[in-house]
Amino acid sequence: MQNKLEKILEEVGKVIKGKAAEKEMILAAILAEGHILLDDIPGVGKTSLAMAFSKAMEMQANRMQFTSDVLPSDVVGFNLIKPDGSKEYQRGIILCNLFLADEINRASSKTQSALLEVMEEGKVTVDGITTPAPKPFVVMATENPAGSVGTQMLPDSQVDRFVICLTLGYPSHSEEVLILKERQGIHPIDSVIQVVDRQELLQMQQMVKTIYLNDEIYDYIVKLANETRTHSLLTQGLSPRGTIALMDLSKAVAFMEGRDCVFPEDVRKAFPYVARHRIYLTARAKMEKNDKDQIIKEVLKSVKALEKH
């Protein structure tokens with residue numbers, strides 16, 4: 001199984017150079033049945049990254065460019081009234097295995113709210129009729145940095161539904177040179193081959209659910225969450241949904257390491273990606289030029305875990 005996971009990352013590496021930690025965490029989030037938020041400037045490969053993962057794991061991928069005039073019915077579908085008065089449901093674009101919501105923070109709040117049910121419960125409801133999303137189901141959304149032209153802040157209720165949030169950033173000098181060289185022939189995305197099919201991915205997701213946590217690990221996860229809620233430089237810490245996300249992602253990290261139980265280092269590896277978009281700085285923290293990554297390191301340092309394996 002580990003060989004296949006490594007092969008998936010190898011295939012994605014044909015498209016995205018470097019960023020090994022970010023690619024591993026995105027795969028872990030998919031294995032944990034979680035949604036992914038990519039917060040970055042345009043043009044660093046967010047869309048190509050999503051497409052590479054979908055090809056490597058045989059996930060039917062749909063992409064929507066979010067703009068201010070996108071309607072909720074464009075996302076979840078609508079009922080078509082036929083001449084005889086009956087209704088026929090027209091499936092929304094989100095009913096796929098991997099939905100890429102491009103520049104999600106350019107859409108109106110009403111359209112963004114259309115995603116809440118399907119992200120939390122894996123189903124859409126139109127005119128009282130519920131349609132389940134296919135399995136596996138993952139939303140991978142990209143957002144431009146707050147303050148960019150035409151953007152608005154995502155509501156907390158939506159941000160909290162993403163298991164992880166990460167930033168790709170610029171490639172290194174050597175990686176960017178390689179990107180230029182590889183664009184002289186076919187697009188790298190065309191060279192990505194399928195490693196696992198959807199059924200195998202579903203089996204992996206079920207295996208992740210069986211990963212064991214002992215009482216010390218449960219205690220460690222909750223202590224980390226509580227530390228963010230009481231930190232003097234934070235106005236808001238992890239929600240209970242965030243705590244569950246940390247548990248699920250830690251299990252996926254352990255699975256990718258080839259283990260059947262979670263170690264403290266799995267939690268520590270997952271914590272920054274789960275916490276970064278869920279914590280909010282106080283005015284004092286901003287004035288003193290503290291950043292979220294610094295506070296996350298402080299939390300990990302202050303909360304100790306028993307190192308029994």
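Let's start with helix 2, residues 20–31. Helix 2 lies across strand 1, strand 8 and strand 9. Against strand 9, helix 2 runs at about 160 degrees. Keep in mind that this is a predicted model.

Now the sheet under discussion. It is an open sheet of 5 strands, and the order is 2-5-8-1-9. The pairing is parallel. Which strands sit at the edges? Strand 2 and strand 9, the latter spanning 164–166; each pairs on one side only. From one strand to the next, the twist averages 15 degrees. As a reminder, strands of a sheet pair through backbone hydrogen bonds, either parallel or antiparallel.

Take one pairing in detail. Strand 1, residues 36–39, and strand 8, residues 138–143, run parallel and are joined by 4 bridges. Ile36 stands opposite Met140 in strand 8.

Next, the rings. How many aromatic pairs does the structure hold? It holds 1. The partners are Phe66 and Phe99, with 6.3 Å centre to centre and 70 degrees between the planes. That pair counts as edge-to-face, because the angle is over 60 degrees. Phe66 belongs to the loop between strand 2 (61–65) and helix 4 (72–76). Phe99 belongs to strand 5, residues 98–102. The two are 33 residues apart, so the pair links distant parts of the chain. Buried or exposed? Both Phe66 and Phe99 are buried.

Last, charges over rings. Arg259 lies over the face of Phe263, at 4.2 Å from the ring centre. Lys292 lies over the face of Tyr280, and here the distance to the ring centre is 5.2 Å.

That's the tour. Questions, please.

Notes: Residues are numbered from 1 along each chain as its sequence is written. This is a predicted model: local features need pLDDT of at least 70, side-chain atom pairs count only at pLDDT 80 or more; totals for chains, interfaces and linings use all residues. Side-chain values use heavy atoms; hydrogens and water are left out. Rings of Phe, Tyr and Trp (its six-membered ring) pair if their centres lie within 6.5 Å; planes under 30 degrees apart count as stacked, over 60 as edge-to-face and the rest as tilted. Buried means under 20% relative accessible area, exposed over 50%, partly exposed in between (1.4 Å probe, protein chains only). A charge sits over a ring if NZ of Lys or CZ of Arg is within 6 Å of the ring centre and within 35 degrees of the ring normal. Two strands pair if DSSP finds at least two bridges between them. Axes are lines fitted to C-alpha atoms, for helices over the stretch in contact, and angles run from 0 to 180 degrees between N-to-C directions. Contact means heavy atoms within 4.5 Å.
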